[in-house]
Amino acid sequence: MIYYHDDEILIRDMQQNDAQIITDEEIAQGWHATVDKYEMRLRHQSEGKSISLVAEYQDHVAGYINVYPDSEWGAFAGRGYPEIVDFGVLEKYRRHGIGSKLMDIAEQIASGYSEIVYLGVGMHSGYGSAQRMYVKRGYVPDGTGVWYGDQVCEQNAECCNNDDLVLYLSKRLR
């Protein structure tokens, strides 16, 4: 399915061959990526658990985002709120509006399920641009503090500032 199309950007459902393309591109930019994550997203999509999207920029796979209509994870798990998960734009395609358009479409999809959408954002500097973008888009912290893995990181608890340390944010869509 195609969700958006203009002269440069196309947003569509993720397809099987996208998994390896994204993985190869992330490895090329120095990330420790594996195809397993994208194959899991495709499996969740085929099972009806998620909507997995890919953005193309000038006919090249450039980014991805996933919407889980009733997420099982995080601060709002099991409450009927959609979660935006695993959002990224490949570095060489940034600053072309791809991320904003992916978020627009993900929020539009989420609004079909609930008036609230949420997401978790990593706390290390690699997530700095995402943290700023979410705040600019109106996302606010949920009030539970940071999470490590799939649970609240209690005050004074030791944790590692890696991809598992996240802050959950939510936004009212309507």
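This passage describes helix H4 and its surroundings in a predicted model, with attention to Gln-131 and to a charged surface patch.

Helix H4 spans residues 128-136, and among its residues Gly-128, Ala-130, Met-133 and Tyr-134 are buried. The cover over these buried residues of H4 includes strand S5, helix H3, strand S6 (116-122) and strand S9 (165-172). An α-helix has 3.6 residues a turn, so residues three or four places apart point the same way. After H4 comes Gly-138, whose phi is positive, near 100 degrees.

Gln-131, which also lies in helix H4, is classed as partly exposed because its relative accessibility is 25%, a value that falls between the limit of 20% for buried residues and that of 50% for exposed ones. When residues up to four places away in sequence are set aside, Gln-131 is found in contact with Val-121, Gly-122, Met-123 and His-124. Tyr-113, by contrast, is 18 residues from Gln-131 in sequence, and the C-alpha atoms of Gln-131 and Tyr-113 are 24 Å apart in space.

On the surface, a patch of positive charge is formed by Arg-94, Arg-95, Arg-132 and Lys-136. Of these residues, Arg-95 is placed in the loop that runs between strand S5 (83-89) and helix H3 (98-111), and Arg-95 counts as exposed because its relative accessibility reaches 84%, which is over the 50% required for that class.

Note on methods
Residues numbered from 1 in each chain as written. Predicted model: local features only at pLDDT ≥ 70, side-chain atom pairs only at ≥ 80, totals over all residues. Heavy atoms only, no water. Helix = DSSP H or I, 4+ residues; strand = E, 2+ residues; numbered from the N terminus. Buried < 20%, exposed > 50% of the residue type's maximum accessible area, 1.4 Å probe, protein only. Contact = heavy atoms within 4.5 Å. Patch = residues over 30% accessible without salt bridge, like charges linked within 9 Å, V, L, I, M, F, W, Y side chains within 5 Å. Areas by Shrake-Rupley, 256 points an atom, 1.4 Å probe, with all protein chains shown as cover. Salt bridge = Lys/Arg side-chain N within 4 Å of Asp/Glu carboxyl O. Lys, Arg positive; Asp, Glu negative; His and termini not counted. Charge placed at Lys NZ, Arg CZ, Asp CG, Glu CD.
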